[in-house]
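Q: Could you take me through this structure feature by feature, giving the general idea before each case?

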Amino acid sequence: MAQLNDSGHANQHVSSSDHHDHPDMEEMRTFGFWIYLMTDVIIFGTLFAAYIVLQGNRNGGPGPEELFQMGGIIASTFILLTSSYTSGLAVLAMHKGNRQALMGWLGVTALLGATFIVLEVNEFIHLVHEGATISTSAFLSAFFTLVGTHGLHVSIGLVWMIALIIQLAKHGITPVTKRKVNVISLFWHFLDVVWIFVFTIVYLMGVR
Amino acid sequence: MWENVKSFASEFFVTGDPLIYGADISIVLTIIGIVFGLTYFKKWGWLWREWLTTVDHKKIGIMYILSAFLMLFRGGVDALLMRAQLAMPELNLLAPDHYNQIFTTHGVIMILFMAMPFMFGLFNVVVPLQIGARDVAYPFLNALSFWLFFFGAMLFNLSFVIGGSPDSGWLAYPPYSERMFNPGVGQDFYIWGIQISGIGSLMTGINFIVTILKMRAPGMKLMKMPMFPWSVLSSCIAIIFSFPILTATLALLFLDRYLGAHFFTLDGGGNPMMYINLIWMWGHPEVYIIVLPAFGIYSEIVSTFAKKKLFGYKSMVYAMMIISILSFLVWAHHFFTMGSGADVNAFFALTTMLIAIPTGVKVFNWLFTMFRGKITFETPMLWTLGFIVCFLVGGMTGVLLSVAPADFQFHNSYFLVAHFHNTIIGGVVFGYFAGLYYWWPKLFGFKLNERIGKWAFWFWNIGFYACFMPQYVLGLMGMTRRLVTYGWDKGWWEMNLVSTIGAGLMGIAFLFQVWQIVYSVKHLQKDETGDPWNGRTLEWSIPSPAPYYNFATLPQVSSQDEWWEEKQRREREPLSLAPPKLEPIHMPKNSGIPFVMSMFWFAAGFGFVFDWLWLTISGLVGVAVCMLVHSFNYDTDYYIPVEDIKRTEAAIRG
């Protein structure tokens with residue numbers, strides 16, 4: 001609570017709806033982010049559609065059964081799911097007004113996310129060494145694009161999360177930083193949901 | 001060394017065509033002129049403070065419309081060149097490869113860099129004023145959208161003099177748009193020009209949905225909102241669902257070209273028809289995205305100039321929403337000839353025909369609004385009437401095209417070319433002109449000259465029918481689209497000549513419009529009322545041009561045509577003279593980040609086009625840094641003190 005009282009007022013006059021003649025800016029920004037997420041759903045939807053159409057077109061190259069090493073994939077799946085859980089803990093800490101715990105859980109989330117990315121990069125390097133590149137076949141083009149786009153989202157989320165931890169250290173829990181934490185946690189859960197579809201459609205159904 | 005420079009330059013710059021040397025010279029002269037003018041009149045600071053960094057929706061709107069007019073000029077010159085080439089059989093004005101480039105850039109520029117910014121310009125200048133808001137929901141993002149559009153358009157247009165233009169049609173169908181058949185950089189300019197401006201369009205869609213849903217004046221229930229914001233809402237809903245498909249599809253084409261992926265290639269298991277499906281899943285909603293706001297404009301104008309409440313308000317709202325949804329269910333009618341079978345074609349033929357129903361509802365609503373109204377025929381109303389006739393013809397030929405078996409004959413013929421120009425010029429362009437003439441006084445504080453405007457209107461209309469009606473016939477006679485020339489033996493030349501003359505008339509009409517603006521500025525007659533058309537909606541309740549905070553006090557809305565009702569109320573009982581209580585107004589601060597960040601996008605795009613990795617990486621790093629700088633900036637808004645509001649109001653209200 002102390003943090004909230006200390007630094008919360010610095011931005012209070014700008015962001016909360018104490019003037020009734022303009023709408024609550026932070027609520028509006030969160031709403032806009034929901035709409036942005038819907039557009040991102042469509043981007044992933046398009047990439048999933050392309051993957052489903054092209055997954056059988058192996059061009060004489062390797063298929064999912066030969067390429068995917070499920071051990072690593074399952075490990076990285078659990079890492080990402082856990083990071084979603086810790087980002088939820090961060091939001092809970094924020095609502096309790098505990099800045100240290102909030103920053104700590106965000107840090108754990110970012111670490112888990114970074115581990116996920118390292119594992120994914122390793123998987124891609126392994127595939128390329130096996131001779132399975134983006135230009136090998138339509139199946140692999142669609143695979144690398146879909147999984148890589150998800151990885152790109154996670155990487156951008158990481159940079160964003162680190163920037164947010166620094167801002168929390170500077171400003172504390174204010175209406176503005178509160179909204180930012182809420183928004184990135186939405187983003188993080190969203191990427192988790194997308195990954196569940198990737199895991200199911202690309203990996204599980206691929207090695208079936 | 002010198003040899004290296006020479007060989008680089010000969011590939012980098014487009015050479016060999018006198019037309020292009022002419023363009024080079026005029027571009028260089030224009031840039032020198034602008035730089036000299038700004039320096040001589042010491043206007044650099046003014047340009048930066050008032051325009052490049054502005055987050056004011058009205059100024060952003062003006063910049064959008066200005067860019068759209070420039071692009072209309074370029075796209076129009078492309079059109080005239082094509083019509084000149086086709087005026088007579090066996091002409092050699094344009095070489096075939098040059099002709100391909102010109103029809104490609106004509107299509108891309110007219111839809112994406114003329115219609116879209118014109119539309120966004122009207123969104124920006126009108127929507128906040130009509131719903132009684134002080135700005136859009138995200139003013140910073142709004143400025144970013146504009147600059148992304150601007151630099152995307154610049155990147156695309158640059159291909160004319162650097163590297164070479166794209167030449168695979170406005171939708172760049174593979175396999176021809178793939179590296180195997182199209183190794184030049186033109187196609188990459190296409191991808192990145194559209195991609196960068198497309199991100200801007202997507203953000204504008206989000207911005208206006210939130211603006212309309214969250215920022216309406218107190219008391220303005222959705223069903224009391226004017227019709228134009230409704231049309232914007234329906235259009236933006238289509239934007240947020242369709243533009244991500246475009247982004248993803250162009251990204252896939254880019255991966256094919258840049259990294260050798262096999263999404264749409266003929267080899268490696270790629271599937272070109274998938275591209276054609278995906279691009280039309282965006283492309284068909286796109287044409288409704290641009291026409292729906294035009295429908296909103298006509299609705300406002302018809303009720304203003306008939307001095308009647310809009311007939312069938314609710315049915316109008318439902319019709320627009322239904323069109324917005326149905327637009328996603330018709331994409332395959334662009335390629336009935338794909339061979340997807342009778343069942344699929346029957347489905348898409350039926351959904352296409354269904355769209356005629358809500359569209360018909362709207363036409364009847366406009367007609368019934370005019371019925372027994374006291375109609376006056378100022379230019380906005382003239383364009384609206386011209387639209388109803390023109391769009392009716394275009395709509396009916398659209399229903400003809402939707403009949404799948406018959407479409408096997410119409411497909412890719414001049415019948416189709418005539419149809420979509422009929423709907424896009426007759427629907428979209430006429431609508432935006434009507435809107436521009438209607439809201440011009442609100443933007444600048446004076447009306448455009450009516451007499452010259454009427455000349456422009458008649459030249460446009462007569463030119464339009466002379467140009468496109470013969471094309472229906474030519475299509476039925478077997479002339480296919482994108483044809484560079486034809487023989488004397490075909491019997492097509494009379495119709496083509498008439499068509500070219502019509503195109504020339506429309507070119508003259510455009511000159512009339514430019515003259516109209518110049519003349520009206522020179523013989524400026526200031527509109528002191530702020531309400532020159534006896535309008536019905538909130539934008540006419542404030543002075544023109546609107547002060548930067550729009551409304552000194554936010555209006556309380558109680559009915560659909562609030563300003564009209566308010567005027568009636570004031571007539572019954574004169575306004576009590578107690579001045580409204582002013583409060584400090586919350587406003588966003590200007591920011592240079594949108595402009596700088598879009599320049600970095602431009603650099604990154606240029607790097608991708610020429611495969612210069614150093615430029616791409618520096619561009620993308622610049623974009624990321626801009627985003628972080630913005631994220632770390634907590635000083636983004638301010639309050640206008642009451643004293644300042646009082647002073648401004650006193651100055652503009654006299």
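**Reading the helices and the interface**

A: The end C-alpha atoms of residues 33-53 of chain A lie 30 Å apart, and this span is 100% helix and 0% strand, where helices (H or I, at least four residues) and strands (E, at least two) are DSSP runs numbered from the N terminus. This is a predicted model, in which local features need pLDDT of at least 70 and side-chain atom pairs count only at pLDDT 80 or more, while totals for chains, interfaces and linings use all residues. Residues are numbered from 1 along each chain as its sequence is written, chains are lettered from A and ligands numbered from 1 in the order in which they are written, and side-chain values use heavy atoms, with hydrogens and water left out.

Q: Which spans of chain A does UniProt list as "transmembrane region"?

A: UniProt positions are given in the numbering used here, with feature names shortened, and annotations may be inferred rather than shown by experiment. The unreviewed UniProt entry lists residues 33-53, 73-94, 101-119, 139-166 and 186-206 of chain A under that name. Residues 186-206 of chain A are 100% helix and 0% strand, with end C-alpha atoms 29 Å apart. From the same kind of record, an unreviewed entry, comes "domain: Heme-copper oxidase subunit III family profile" for residues 31-207 of chain A; over residues 31-207 the chain is 86% helix and 0% strand, and the end C-alpha atoms are 39 Å apart.

Q: How is the length of helix 2 of chain A to be read, and what caps its N-terminal end?

A: The expected span of a helix is 1.5 Å times one less than its number of residues. Helix 2 (residues 25-54) of chain A has 30 residues and reaches 44 Å from its first C-alpha to its last, close to the 44 Å expected. Its N-terminal end is capped by Asp24(A), a side-chain oxygen of which lies 3.1 Å from the backbone nitrogen of Glu26(A). In chain B, the 29 residues of helix 11 (residues 342-370) should span 42 Å, and the end C-alpha atoms are 43 Å apart, which agrees. Just after helix 11 of chain B, Arg372(B) takes a positive phi of about 60°.

Q: How do chain B and chain A meet?

A: Contact means heavy atoms within 4.5 Å, and 40 residues of chain B are in contact with 44 residues of chain A. Buried area is the accessible area (1.4 Å probe) that two parts lose on being put together, summed over both; here it is about 3,600 Å², 70% of it on carbon and sulfur atoms. Lys214(B), Phe632(B) and Tyr634(B) lose the most area to chain A within chain B, together 19% of what that side buries.

Q: Which residues form the salt bridge between chain B and chain A?

A: A salt bridge is a side-chain nitrogen of Lys or Arg within 4 Å of a carboxyl oxygen of Asp or Glu, and the count between these chains is one. Lys214(B) pairs with Glu27(A), the closest N and O atoms being 3.1 Å apart. Helix 8 (227-259) is one of the elements of chain B that each supply at least two residues of the side touching chain A, and helix 8 of chain B gives the largest share, 10 residues.

Q: Where is the cis peptide bond that involves Pro175(B)?

A: The bond from Pro174(B) to Pro175(B) is cis, with omega near 5°, and Pro175(B) lies in the loop between helix 6 (139-158) and helix 7 of chain B.

Methods: Polar contact = N/O pair within 3.5 Å; in protein donor to acceptor, adjacent residues only side chain to side chain.
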